[in-house]
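Q: I should like to learn how the features of a structural model are read. Could we work through one together?

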Amino acid sequence: MAPPTPVPTPTRAAFLSALGCYVMWGFLPLLFMVQASLGFSAPEILSHRALWSVLFAGGLVLLAGHSGQVRAVLGQPRTLAWLALATVLIAVNWGLYVWATTHHATLEASLGYYINPLLNMIVGLWLFREKIDRWGWVAIGLAAVGVLFQALALGRPPWISIALALSFGAYGVIKKRIPVEAQAGLFIECLLLLPFGLMFVIWLQTQGLGHAFESPVAFGWALLNGPATVLPLALFAYAARRMPLSTMGFIQFLGPTLQFGVGLATGELFTPLRAVSFVFIWLGAGVFAAAALFRARAARRALANGAQPV
């Protein structure tokens, strides 16, 4: 039997990277809402994310001095195939998220990112042999009840929430497993998306349906999709390879909390039944966070005691 995969020890840089990416993602709906107010459709926003992200991702590669690794990965079919799968997953995630935040479904999207860290716990147990204690299972159970109440509130399963959680969870697993630095992997993903984004932008312009080039203001908002997409993904990719999935999940609760606030602030429907669903989700998140804090303190105490001279 193969030995257990070692669990990486979080560093200060990894922690700050994770914190930064989730704060950015928490406020990202506002960017898409502004573009929607200027006439951008969800597919047009998605195509501009693909188009402009490659420029900023390429800049990160040059700054990090990883251009040699990009060339090496392009010559490794197996690694390139895994990156292509990651690209499909993140494109699905982007598309769903842009659609949700521009169609008054930011609250449902936030639910997906509350589910995701709990899903990461199960994936961490299955793939990386990370342990889940009884409080972890309590958190997962509470979240499951929350999802059930959300389905009752919506009159249908929360498909957007589930799809966002699954697509981003699977993306995180791939980014954790492939031996590619964050900047190089992200640039290749953006490079794979570039032809699709470029072709759709050209088609929109030839059909007179595009909005990005109508004014300098509209173009500026379209261009902002580049750094707004690349910077949090680069920070996430850096942190995901250097932290346990369970720790990433703990920090990730910040993102959906900010998204939830954006949804409420923009007037999305929040019924009593929907409130009950989020209460169960928040209880699950609270149990998870408290258990993670307790484990971290216990580990520090054990380390301190072990370091004392005999």
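**Reading the model**

A: We may begin with a single residue: Val 180 is placed in the loop that lies between α7 (159-177) and α8 (182-206). Please bear in mind throughout that this is a predicted model.

Q: Does Val 180 count as buried or exposed?

A: Burial is judged from relative accessible area, and a residue under 20% is called buried. Val 180 has a relative accessibility of 4%, so it counts as buried. Its C-alpha atom is separated by 9.9 Å from that of Ala 72, although the two residues are 108 apart along the chain.

Q: How many salt bridges are found in the whole structure, and how should they be read?

A: Side chains of opposite charge can pair when their charged atoms come close. In this structure the search finds two salt bridges. One of them joins Arg 156 to Glu 108, with 2.8 Å between the closest N and O atoms. This pair links distant parts of the chain, since Arg 156 sits in the loop between α6 and α7 while Glu 108 belongs to helix α5, 48 residues apart. Arg 156 is partly exposed at 34% relative accessibility, whereas Glu 108 is buried at 2%.

Q: Which side chains meet in a salt bridge at 2.7 Å, N to O?

A: Those of Glu 189 and Lys 175 do so. Here too the pair links distant parts of the chain, with Glu 189 in helix α8 and Lys 175 in helix α7, 14 residues apart. Glu 189 counts as buried, at 2% relative accessibility. Lys 175 also counts as buried, at 5%.

Q: How many cavities of 30 Å³ or more does the structure hold?

A: Rolling a probe the size of a water molecule over the atoms shows where empty space is left. Here there are three cavities of 30 Å³ or more. The largest cavity contains about 170 Å³ of space. Its lining comprises 16 residues, and those nearest its centre are Trp 25, Asn 93, Tyr 113, Phe 168 and Gln 259. Two or more lining residues come from each of α1, α4 (77-101), α10 and α12 (254-265). The most are given by α4, with four residues.

Q: What lines the second largest pocket?

A: A cavity is a space from which the probe cannot get out, whereas a pocket is open. The second largest pocket has a volume of about 190 Å³. Among its lining residues are Ile 115, Leu 118, Ile 140, Val 147, Ile 162 and Leu 166. Helices α5 (106-127), α6 (134-154) and α7 each supply at least two residues of that lining.

Q: Why is α10 described as largely enclosed?

A: The description rests on a count of buried residues: 13 of the 16 residues of α10 are buried, so the helix is largely enclosed by the rest of the structure. Helix α10 covers residues 225-240 and reaches 22 Å from its first C-alpha to its last, close to the 22 Å expected at 1.5 Å a residue.

Q: Which residues form a nonpolar patch on the surface?

A: An α-helix has 3.6 residues a turn, so residues three or four places apart point the same way. The patch is formed by Phe 15, Leu 16, Leu 19, Val 23, Phe 27 and Leu 30, with about 490 Å² of accessible area together. One of these, Val 23, is found in helix α1 (residues 12-37). Val 23 has a relative accessible area of 32%, so it is partly exposed.

Technical notes
Residues are numbered from 1 along each chain as its sequence is written. This is a predicted model: local features need pLDDT of at least 70, side-chain atom pairs count only at pLDDT 80 or more; totals for chains, interfaces and linings use all residues. Side-chain values use heavy atoms; hydrogens and water are left out. Patches are made of residues with over 30% relative accessible area and no salt bridge: like charges are joined within 9 Å, nonpolar side chains (Val, Leu, Ile, Met, Phe, Trp, Tyr) within 5 Å. Accessible areas come from the Shrake-Rupley method with a 1.4 Å probe; for residues, only the protein chains shown count as cover. A salt bridge is a side-chain nitrogen of Lys or Arg within 4 Å of a carboxyl oxygen of Asp or Glu. Buried means under 20% relative accessible area, exposed over 50%, partly exposed in between (1.4 Å probe, protein chains only). The expected span of a helix is 1.5 Å times one less than its number of residues. On a 1 Å grid over the protein atoms alone, a cavity is a set of points where a 1.4 Å probe fits but cannot get out, and a pocket is an open set with protein on both sides within 12 Å along at least five of seven lines; lining residues have an atom within 4 Å of a point. Grid points are joined across faces, edges and corners, and a volume is the space filled by probe spheres set on the points.
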